[in-house]
Amino acid sequence: MTSCKLNTQNLYQISKQVAVPQYNRSSIKASIVHVGIGGFHRAHQASYIDRLLHQESITDWGICGVALLDFDIKIYNTLKEQDGLYTLIIKELDGSLTKRVIGAIVEYLFAPNNPLVVIEKMASPEVRIITLTITEGGYNYNEATSDFDVNNPLIKYDVEHPQAPKTIFGYLTQALKLRKKRGLLGCTIQSCDNIQGNGDVTKKMLLSYVQLAEPELTEWIESNVSFPNSMVDRITPATSSLDIANLKEVSGIEDGWPVVCESFEQWVIEDNFITGRPAWETVGAQFVEDVAPYERMKLRLLNAGHSVLGILGALMGYSTIDEAANNNAISSFLRIYMDTEVSPLLSDLKGVNLEGYKKSLLQRFGNEYIKDQIDRICSESSAKIPIFILPTVYAQLKRRSSIAHAAFLIAAWAIYSLGENEAGDNLLIKDGMKGLLYEKALLSKKDPKVFLEIASVFGKLKESETFVQVYTKSYQNIVKYGVEKSILTMNNK
Ligand code: CS2
């Protein structure tokens with residue numbers, strides 16, 4: 001089929017193949033600034049906003065997408081070439097596809113080239129919400145101490161270069177300072193990352209930075225800025241070159257960076273928006289008083305489940321999550337982990353069918369059309385494990401209940417960090433702490449508990465005799481029998 005480039009001018013042509021925005025994008029005000037325009041934001045929040053903008057009379061709540069890191073230049077350039085448009089390719093469980101061109105991102109900025117423009121945009125009166133997907137590692141949060149990492153050189157740099165910051169904290173602080181100076185209203189800063197209490201953490205980290213950089217701003221922020229907590233969910237694998245080629249061939253759309261995702265989506269939000277918010281509930285989001293139980297359920301079942309499938313699957317030589325999820329030994333291991341170590345900690349979750357949730361998770365993980373990359377899931381495990389797995393371990397240790405599966409996973413992670421799978425092939429490890437992980441993993445070959453010495457990840461876990469014992473045994477079992485045989489023995493107990 002003949003194809004054309006995705007941009008505003010070609011929308012009419014494209015509309016003959018797939019759904020395109022039916023609202024007048026040029027009249028939409030970008031009153032949301034979103035930082036981090038990777039796949040997840042574009043599959044999740046931007047898709048909710050796109051549906052919202054289809055409601056007549058809504059001209060607010062368009063998105064100004066900000067690319068914060070040098071590394072984000074490619075996505076910025078793609079969006080610029082495509083007038084902010086991109087295709088969302090939703091893959092159903094049966095493999096059928098739904099495609100929609102999303103028009104919610106009406107402005108886009110590349111921060112490294114133009115920090116002051118980004119600060120001005122965040123400080124402009126029309127902006128009422130700043131949303132973030134900056135990844136778990138982006139919060140500069142020391143999981144073990146719950147404190148802001150003041151020794152991060154980028155933080156020191158930002159304190160010294162307020163007009164050309166590199167971290168989100170430098171940007172937000174300067175923007176809020178301008179808002180205060182100009183007598184403007186405050187705004188809402190909403191994290192959309194996978195962190196328990198993501199709003200509370202954002203507030204705590206920002207105020208810690210403000211203490212270093214602009215202490216006199218603290219009080220104003222406390223009274224004029226709100227930080228709602230939220231739980232976000234939609235599995236969004238990295239887009240493959242095949243997805244791009246198929247879109248061109250089947251639908252005639254030349255899109256430099258379409259986004260692929262599952263059909264499931266969930267967004268549970270605390271209603272705490274100091275300067276107003278979109279009616280997200282009209283397009284499927286849930287507003288609740290206390291998000292914490294929902295976050296806990298999602299982080300400890302879905303995200304933790306991903307880490308289990310990713311790390312065990314990587315060692316066994318799989319490259320996608322569905323392959324690992326469709327291995328019976330791994331899926332039974334995961335199910336037992338969910339039932340015996342996680343579910344007992346979710347008893348305060350009211351009105352959610354936990355059994356149904358777990359079942360649907362296993363189905364979602366097993367979706368062979370999604371082909372979620374194990375490399376994506378295992379990336380930055382040093383930031384993920386402390387959020388997804390360790391809270392379960394601490395709580396279970398406190399209750400004197402089983403930690404067998406979580407400890408097994410940590411042992412597998414120590415072995416994974418050596419950089420080879422069980423067949424001796426290299427693993428692609430992407431982790432900010434890769435060097436240290438490898439160093440400790442090497443020493444762990446002689447004494448497995450050395451891995452637990454990484455205090456910023458494990459805190460004081462190495463002091464728990466119970467944990468160390470179960471972990472060490474698991475480590476030895478994996479070395480001796482391999483992952484599959486070891487988990488089969490555990491599953492049959
Ligand atoms: C994944 C998440 O990064 C990860 O390890 O678990 O990206 C997950 O796919 C999303 O949170 C799904 O909502």
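Helices, at least four residues long, and strands, at least two, are DSSP runs that are numbered from the N terminus. The structure described here is a predicted model. Under that numbering, G252 follows helix 10 and has a positive phi, near 70 degrees.

Helix 10 itself, which spans residues 241-251, offers a suitable point of entry. Its buried residues are D243, L247 and S251. These residues lie on the same side of helix 10, because they cover an arc of only 40 degrees around the axis. An α-helix has 3.6 residues a turn, so residues three or four places apart point the same way. The other side of helix 10 carries the exposed residues S241, L242, A245 and E249. As for the buried residues of helix 10, they pack against strand 4, strand 5, strand 13 (253-254) and strand 14.

Strand 4 deserves attention next. This strand covers residues 86-91, and five of its six residues are buried, which leaves it mostly covered. One of its partners is strand 5 (residues 97-102), with which it pairs in the antiparallel sense over six bridges. Within this pairing, I89 has K99 of strand 5 as its bridge partner. Strand 4 and strand 5 form a hairpin with five residues between the strands, and in this hairpin G95 adopts a positive phi near 90 degrees. Strand 4 is also joined to strand 14 (residues 259-262), here by four bridges and in parallel. In that pairing, V259 of strand 14 stands opposite L88.

A further group of paired strands is centred on strand 15. Strand 15 comprises residues 266-270, and four of these five residues are buried, so the strand is largely enclosed by the rest of the structure. Strand 15 pairs with strand 12 (residues 230-233) in the antiparallel sense over four bridges, and M231 has V268 in strand 15 as its bridge partner. Strand 15 pairs with strand 16 (residues 286-288) as well, in the parallel sense and over three bridges. There, V268 has Q286 of strand 16 as its bridge partner.

The next element is an open sheet of six strands. Their order is 6-3-2-7-10-11, and the pairing is parallel. The edges are taken by strand 6 (105-110) and strand 11 (225-226); each has a single partner strand, so one side of each is left without a neighbour in the sheet. Strand 6 pairs with strand 3 (residues 63-67) in the parallel sense over five bridges, and F110 in strand 6 stands opposite A67.

Strand 7 also belongs to this sheet. In a regular strand the side chains alternate between the two faces of the sheet. Strand 7 (residues 129-132) is covered on both faces: I129 and T131 are buried on one side, and I130 and L132 are buried on the other. Strand 2 (residues 32-35) runs parallel to strand 7 and is joined to it by four bridges, with I32 opposite I129. Strand 10 (residues 187-191) likewise pairs with strand 7 in the parallel sense over four bridges, and Q190 in strand 10 stands opposite T131.

Two loop residues call for comment on their backbone. T135 has a positive phi of about 70 degrees although it is not a glycine. T135 lies in the loop between strand 7 and strand 8 (141-142), and it is partly exposed, with 17 other C-beta atoms within 10 Å. K371, also a residue other than glycine, has a positive phi near 50 degrees. K371 is located in the loop between helix 14 (354-365) and helix 15 (374-378), and counts as partly exposed with 18 C-beta neighbours inside 10 Å.

The interior may be considered through the largest nonpolar core. This core has 146 residues, of which I311, L312, A411 and A412 touch the most other members. Helix 11 (residues 292-315) gives the most to this core, contributing twelve residues. When residues up to four places away in sequence are not counted, A412 touches I311, L312, L315, I478 and V483.

The account closes with the ligand. The residues around it are N194, D233, R234, I235, N303, H306, I377 and K384. This shell divides into two nonpolar, three polar and three charged residues.

Notes
Residues numbered from 1 in each chain as written. Predicted model: local features only at pLDDT ≥ 70, side-chain atom pairs only at ≥ 80, totals over all residues. Buried ≥ 20, exposed ≤ 12 C-beta atoms within 10 Å, placed from the backbone. Pairing = 2+ DSSP bridges. Arc of directions from axis to C-beta. Contact = placed C-beta atoms within 7 Å. Core = buried A, V, L, I, M, F, W, Y, C linked by C-beta atoms within 7 Å. Near = placed C-beta within 6 Å. Nonpolar A, V, L, I, M, F, W, Y, C, P; charged D, E, K, R; others polar.
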